[in-house]
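Here is a friendly walk through one protein model, from a sheet to its cores and a few individual residues. Have the viewer open as you read.

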Amino acid sequence: VYTYPLLFDWLLSRKKNLDPHSQSRIQLNSNTIGYRMAKALSNVSGIWASPGGEFYGINGKNSSPVLVNFDSTSRVRKMHIIQHAANFSWQDLCASADTLFIADVGNENFKREFFQIYKISIQDLANEKISATKIEFTIAKGPNLNFKSSFYLNENIYLFGESFEKDVYLVEVPVREGSKTEAHLVANCTKLMNESITSAHYDPTQKTLFLLTKNNLGIVSLADGIQSLSTKNAVHIQLPNNTQKEALTMLPNGYLAFADKFFLGTFDGNLYLFKYP
């Protein structure tokens, strides 16, 4: 047990004889409930909700290669060590029906040329140690981009990347076996949001893409195809608290969940459950 990364952060976050529902619940408005995020995810960069409603989260740059399983009140249930993986800059989670994808794509200094996405079988989430394969890719043409968000659609992973000049591009990465592939610029999506897109989630039942920024939730229809993103402006919903929101997913009941990083500990470091629509 002592070999677990972040063990002592998790241990120190526990308290005896407290009901976490009553102690950490924050009613922000009529549509949004918050819970204090576990310290094991203080640098959260991506979350995903399984079809059974379980939460999984990752931490960002230079953290341990660990996938954290937690519940809706942010209590840690299990920590999965991802084998054959390194966390250079994990930025987001997305999933197909049978595979969870960890996007190691951060590029803050705009010098990175090689990127990777780790693939985990969802069936393997029953194990404490999980073997991962990876998609290694480069970008065919275009500016150097810093990626923060990803979503899965039609056998491709899509990434939103921001250039040094703050232009936003959509990049398509094919999901295929093999060590290396070439990703392609799909469209300039600078008009979509007025802030950096930090996480994304695509709901195939509604054909709707949800986008997270520091202050807003963006909603845009993909009923007319992925290429239409270059001409669209997302509908904006202002979110509570001016914090660094970094992770977004959707629960099976249709609620959206998002999280922000722990910084000063006043209004941040929370998991939020948002009733949509």
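Strands here are DSSP runs of E that hold at least two residues, numbered from the N terminus. With that in hand, Asp167 can be placed: it is found in the loop between β13 (156–162) and β14 (168–174). Please keep in mind throughout that this is a predicted model.

**The five-stranded sheet**

Let us begin with an open sheet of five strands. Its order is β3-β4-β5-β6-β10, and the pairing is mixed. β3 (44–49) and β10 (129–131) stand at the edges with a single partner strand each, so one side of each has no neighbour in the sheet. From one strand to the next, the twist averages 30 degrees.

Starting from the β3 edge, β3 and β4 (residues 55–59) run antiparallel and are joined by five bridges. Along this pair, Ile47 stands opposite Gly57 in β4. Next, β4 pairs with β5 in the antiparallel sense over three bridges, and Phe55 has Phe70 in β5 as its bridge partner. The hairpin of β4 and β5 has six residues between the strands, and Asn62 there takes a positive phi near 65 degrees.

β5 then pairs with β6 (residues 76–83), again in the antiparallel sense, over five bridges. Here Leu67 has His80 in β6 as its bridge partner. This hairpin has five residues between its strands, and Ser74 in the turn shows a positive phi of about 75 degrees.

How many of the residues of β5 (residues 66–70) are buried? Five of its five residues are, so the strand counts as mostly covered, since buried means under 20% relative accessible area. Both faces take part: Val66, Val68 and Phe70 are buried on one side, and Leu67 and Asn69 are buried on the other.

**Two nonpolar cores**

In soluble globular proteins, nonpolar side chains tend to be buried together. In this model, the largest nonpolar core has 21 residues, of which Phe151, Phe160, Leu170, Leu192, Leu209 and Leu229 touch the most other members. The elements giving two or more residues to this core are β12 (146–153), β13, β14, β15 (180–188), β16 (199–203) and β17 (208–212). A second, separate core of 20 residues includes Tyr35, Val44, Ile47 and Ala257.

Leu170 is a good residue to centre your view on. Beyond its neighbours within four places in sequence, its contacts include Phe151, Phe160 and Leu229, and Cys189 is also among them.

**A few residues up close**

The table gathers relative accessible areas for five residues.

| Residue | Relative accessible area | Class |
|---|---|---|
| Thr243 | 6% | buried |
| Thr249 | 1% | buried |
| Cys94 | 6% | buried |
| Cys189 | 2% | buried |
| Asp167 | 29% | partly exposed |

Thr249 has its place in strand β20. Its side chain reaches the backbone nitrogen of Ala49 at 3.2 Å. Not counting residues up to four places away in sequence, Thr249 touches Ile47, Trp48, Ala49, Phe55, His201, Tyr255, Leu256 and Ala257. Two of these names have come up above: Ile47 and Ala257 belong to the second core.

Thr243, in contrast, lies in the loop between β19 (235–238) and β20 (245–250). Which side chain does the side chain of Thr243 join in a polar contact? It is that of Asp260, at 2.7 Å. Leaving aside neighbours within four places in sequence, Thr243 is in contact with Lys214, Asp260, Phe267, Asp268 and Tyr272.

Back at the β13–β14 loop, Asp167 touches Gly161, Glu162 and Thr190, leaving out residues up to four places away in sequence. Asp167 and Lys191 are 24 residues apart in sequence, and their C-alpha atoms are 8.9 Å apart in space.

Finally, a word on the cysteines. A disulfide is a covalent bond between the sulfur atoms of two cysteines. How many disulfides does the structure hold? The number is zero. Cys94 is buried at 6% relative accessible area, and Cys189 is buried at 2%.

How values were computed
Residues are numbered from 1 along each chain as its sequence is written. This is a predicted model: local features need pLDDT of at least 70, side-chain atom pairs count only at pLDDT 80 or more; totals for chains, interfaces and linings use all residues. Side-chain values use heavy atoms; hydrogens and water are left out. Two strands pair if DSSP finds at least two bridges between them. Helices (H or I, at least four residues) and strands (E, at least two) are DSSP runs, numbered from the N terminus. Axes are lines fitted to C-alpha atoms, for helices over the stretch in contact, and angles run from 0 to 180 degrees between N-to-C directions. Buried means under 20% relative accessible area, exposed over 50%, partly exposed in between (1.4 Å probe, protein chains only). A polar contact is a pair of N or O atoms within 3.5 Å; within protein, one must be able to donate a hydrogen and the other to accept it, and residues adjacent in sequence count only if both atoms are side-chain atoms. Contact means heavy atoms within 4.5 Å. A disulfide is a pair of cysteine sulfur atoms within 2.5 Å. A nonpolar core is a set of buried Ala, Val, Leu, Ile, Met, Phe, Trp, Tyr and Cys residues joined through side-chain atoms within 4.5 Å.
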